[in-house]
Amino acid sequence: MGRKARWSAEIGLGIAALCLAVLFARLGFWQLARAAEKEALVSAAAARARLPAITFETLVGSADELRFRKATLRGSFEPGHQLFIDNETDHGRAGYHVITPLRLAHSGRRILVDRGWVPMGPDRGHLPAIESPAGEIELRGVLDRPPAPRFAIDRLSRPGPEWGRRWAYLDLGYFVRSTGLSVEPYVMLLDPDAPGGFVREWPRLQDRHLRHLSYAGQWFLLAGVTVCAYVALLRSHRRPSA
């Protein structure tokens, strides 16, 4: 290969390596920004956890205002409108999160309660048989927003009648339209010691914060490896042969 052709190849390789390194570094900074967001949520959650528990009389506010607040509510489950959120796992086992409306006592208002995880069973064609406590009960938990869909949701995967009671994600708007029931704009994550629940190991915000920091470190490492690999390759090409 001639000197001019070799220089052109080295320049092209250098540009490609630089672009990759910049891309990896930008992804690293993006993960750092995500970690900072989660750190702010951790602080907000800790501060709100120290506030008095909300009751049905004080259950007023938006999902953002009441997020992470403890709640103690009395009401009756309405299992006829129960949902199973698919693609949930527990220690590697496939299953569902059980979402059941709770009709609040003395008000008629409703809130969706995430009662925890249950195993899927032999196949998705048969939903698990779930029992719900009858009559009025008192529940304790933490209020939160419904989680965002894990995957990009296109037009064909949006909620529809074909979903039945097994949903890919919780869509409050579609729940209201399909059932005719009005619900609060948040979900109650049932306390592990409260009655009427299943496996409840709620993800911790602290873990998500550390996960983003770990991802950032991996992207920065890839950026450094890309630059080092290019420099090593460049030196090997320019080293005189014996």
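Here are a few worked exercises on strand pairing, salt bridges and cysteines in this predicted model.

Ground rules first: residues are numbered from 1 along each chain as its sequence is written, and side-chain values use heavy atoms, with hydrogens and water left out. Since this is a predicted model, local features need pLDDT of at least 70 and side-chain atom pairs count only at pLDDT 80 or more, while totals for chains, interfaces and linings use all residues.

**Exercise 1. Work out which strands pair with E2, and in which sense.**

Step 1: get the elements straight. Strands (E, at least two residues) and helices (H or I, at least four) are DSSP runs, numbered from the N terminus. Strand E2 covers residues 83–90.

Step 2: look for partners; two strands pair if DSSP finds at least two bridges between them. E2 runs antiparallel to strand E3 (residues 93–104), with 6 bridges. One pair to look up is leucine 83 with isoleucine 99 in E3.

Step 3: check E6 (residues 166–167). Here the pairing with E2 is parallel, with 2 bridges, and phenylalanine 84 has arginine 166 of E6 as its bridge partner.

Step 4: inspect the turn. E2 and E3 make a hairpin with 2 residues between them, and histidine 91 in that turn has a positive phi of about 50°.

**Exercise 2. Decide how enclosed strand E2 is.**

Step 1: set the scale. Buried is under 20% relative accessible area, exposed is over 50%, and partly exposed is in between (1.4 Å probe, protein chains only).

Step 2: apply it. Of the 8 residues in E2, 6 are buried, so the strand is largely enclosed by the rest of the structure.

**Exercise 3. Take the salt bridges apart, pair by pair.**

Step 1: count. With a side-chain nitrogen of Lys or Arg within 4 Å of a carboxyl oxygen of Asp or Glu as the criterion, the whole structure has 9 salt bridges.

Step 2: try arginine 110 and glutamate 78, whose closest N and O atoms are 2.6 Å apart. Arginine 110 sits in strand E4 (residues 110–119) and glutamate 78 in the loop between E1 (70–77) and E2, 32 residues apart. Arginine 110 is buried at 13%, and glutamate 78 is buried at 17%.

Step 3: try aspartate 90 and arginine 93, at 2.9 Å from N to O. Aspartate 90 is buried at 9%, whereas arginine 93 is partly exposed at 44%.

Step 4: look for a network. Arg74, Glu136 and Glu138 are linked in one.

**Exercise 4. Find how many disulfides there are.**

Solution: with a cut-off of 2.5 Å between two cysteine sulfur atoms, the count is 0.
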